[in-house]
Amino acid sequence: MQVRAVLYHPELITDELYHATLTRVDPDAQAKIKGFYRREDACRTLIGAILLRLVLKERGIPHNSITVSKTPEGKPYLLNQGPDDPIAFNITHDNSLISMAFGPGVHQAPAFSIGVDVMKVQIPAHDTTDSFIAVFEQQLTTLEKSQLASDIPEQQRVERFFWMWTVKEAYTKALGLGMGFEFIRVEFDAVQRQIKIDGKTPKGWKFTLFTIPDADDLYEGVAAEFVGGDGSQVHDEVAKDCSSWLTVVDALSVLQRAVDELPSISSLVYKSGGV
Ligand SMILES: CC(C)(COP(=O)(O)OP(=O)(O)OC[C@H]1O[C@@H](n2cnc3c(N)ncnc32)[C@H](O)[C@@H]1OP(=O)(O)O)[C@@H](O)C(=O)NCCC(=O)NCCS
């Protein structure tokens, strides 16, 4: 499994670069991106789409053969993949960070069991830690709530909460179910670094915990993937050398790379049927 992450600061992306990059994705993806009211939201989804296409280009997959479809629950996947070496991927974005996890598709084709989530470790300005956590209380287990008790140091509570939430999001995204899976069924023990689903360790699952700094901000991220076998793995990669599987770049360079390396759609013939 690999993770690519992009730090996106809107003021650095010119209109010219945005529009040039938009021509590097197929008409269906363009329509979706243009449908956002806010340019920043459009840009986050555009960057995710570009990340996918650059990774596919690295793997020698022709640009005009890329068709992204989605499951009835909305999980995007690559259409028309052959049985050999299919690619599993999942995308996430929050504030200034867009990230994609990808790897071999081994379980639950066509969208496969891979999910990623990133969140900025920050309580919204209008909330206190108590009021913020209270909003999510219904989806936290008894153990999780005890690890978020108000006598625990503030920063530790906040960091623990975001780990719990990103674990829940990453796992449900790996299942492809989104809102269709009760978050309370997923438990992250922030002290022991253990994950349980419905009270049991999930056999065959691997969870990778990582952080990405952005100036004074910190993002917590979790990738969940089904790898098979009898074990259940939680890899806490915080403060470790992640360079063999995690790449962080800035949006300007990734969009410029797309313009330089991906052909414009006007020069390609696309099949319809994607999203
Ligand atoms: C789809 C869902 C899983 C996305 O979660 P999110 O944290 O809001 O957003 P993320 O940035 O992590 O993920 C968005 C990406 O997930 C992918 N995605 C969409 N539906 C998906 C699904 N059913 N399964 C997996 N991935 C999905 C898409 O690539 C999307 O990005 P794009 O539209 O730019 O391509 C979300 O709508 C959901 O159902 N979340 C769980 C329910 C909940 O209670 N959330 C509360 C959050 S505070």
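I began with the ligand, and for this I took a residue as near a molecule if its C-beta atom, placed from the backbone, lies within 6 Å of it. I keep in mind throughout that this is a predicted model.

**Entry 1: the ligand shell.** I looked up which residues surround the ligand and found 18 of them, among which Thr45, Gly74, Lys75, Thr92 and Gly178 come nearest. Sorting the shell by class, I noted three nonpolar, 10 polar and five charged residues. I then asked which elements supply at least two residues each, and I listed α3 (39-58), β4 (87-94), β6 (114-120) and α6 (154-175). Of the elements, β4 gives the most, with four residues, and I therefore turned to this strand next, as the element that gives the most to the shell.

**Entry 2: the sheet that holds β4.** I traced an open sheet of four strands in the order β4-β5-β1-β12, and I recorded its pairing as mixed. I noted β4 and β12 (246-250) as the edge strands, each of which pairs on one side only. Between neighbouring strands of this sheet I read an average turn of 15 degrees, with direction ignored. Following β4 to its partner, I found that β4 and β5 (residues 97-104) pair in the antiparallel sense over eight bridges, and within this pairing I marked Ile91 as standing opposite Met100 in β5.

**Entry 3: α3 against the sheet and against α7.** I came back to α3, which is among the elements that supply at least two residues of the ligand shell, and saw that α3 lies across β1 (2-7), β4 and β5, running at about 30 degrees to β5. I also examined how α3 packs with helix α7 (residues 251-261), and I noted an angle of about 55 degrees, with the axes 10 Å apart. Angles from 65 to 115 degrees count as roughly perpendicular and those under 35 as roughly parallel, so I entered α3 and α7 as oblique to each other. I recorded their crossing as left-handed. On the α3 side I listed Ile47, Ile50, Leu51, Leu54 and Lys57 as making the contact, and on the α7 side Ala251, Val254, Leu255, Arg257, Ala258 and Glu261. By class, I found eight nonpolar, no polar and three charged residues in the contact of α3 with α7.

**Entry 4: a hairpin.** Lastly I looked at β7 (residues 186-189) and β8 (residues 194-197), which pair in the antiparallel sense over four bridges, with Val186 standing opposite Ile197 in β8. I noted that these two strands form a hairpin with four residues between them, and that Arg193 in the turn has a positive phi of about 55 degrees.

Notes. Residues are numbered from 1 along each chain as its sequence is written. This is a predicted model: local features need pLDDT of at least 70, side-chain atom pairs count only at pLDDT 80 or more; totals for chains, interfaces and linings use all residues. Ala, Val, Leu, Ile, Met, Phe, Trp, Tyr, Cys and Pro count as nonpolar, Asp, Glu, Lys and Arg as charged, and the others, Gly among them, as polar. Two strands pair if DSSP finds at least two bridges between them. Axes are lines fitted to C-alpha atoms, for helices over the stretch in contact, and angles run from 0 to 180 degrees between N-to-C directions. Two residues are in contact if their C-beta atoms, placed from the backbone, lie within 7 Å. Angles under 35 degrees count as roughly parallel, over 145 as roughly antiparallel, 65 to 115 as roughly perpendicular and the rest as oblique. A crossing is left-handed if the near helix is turned anticlockwise from the far one by less than a right angle, and right-handed if clockwise.
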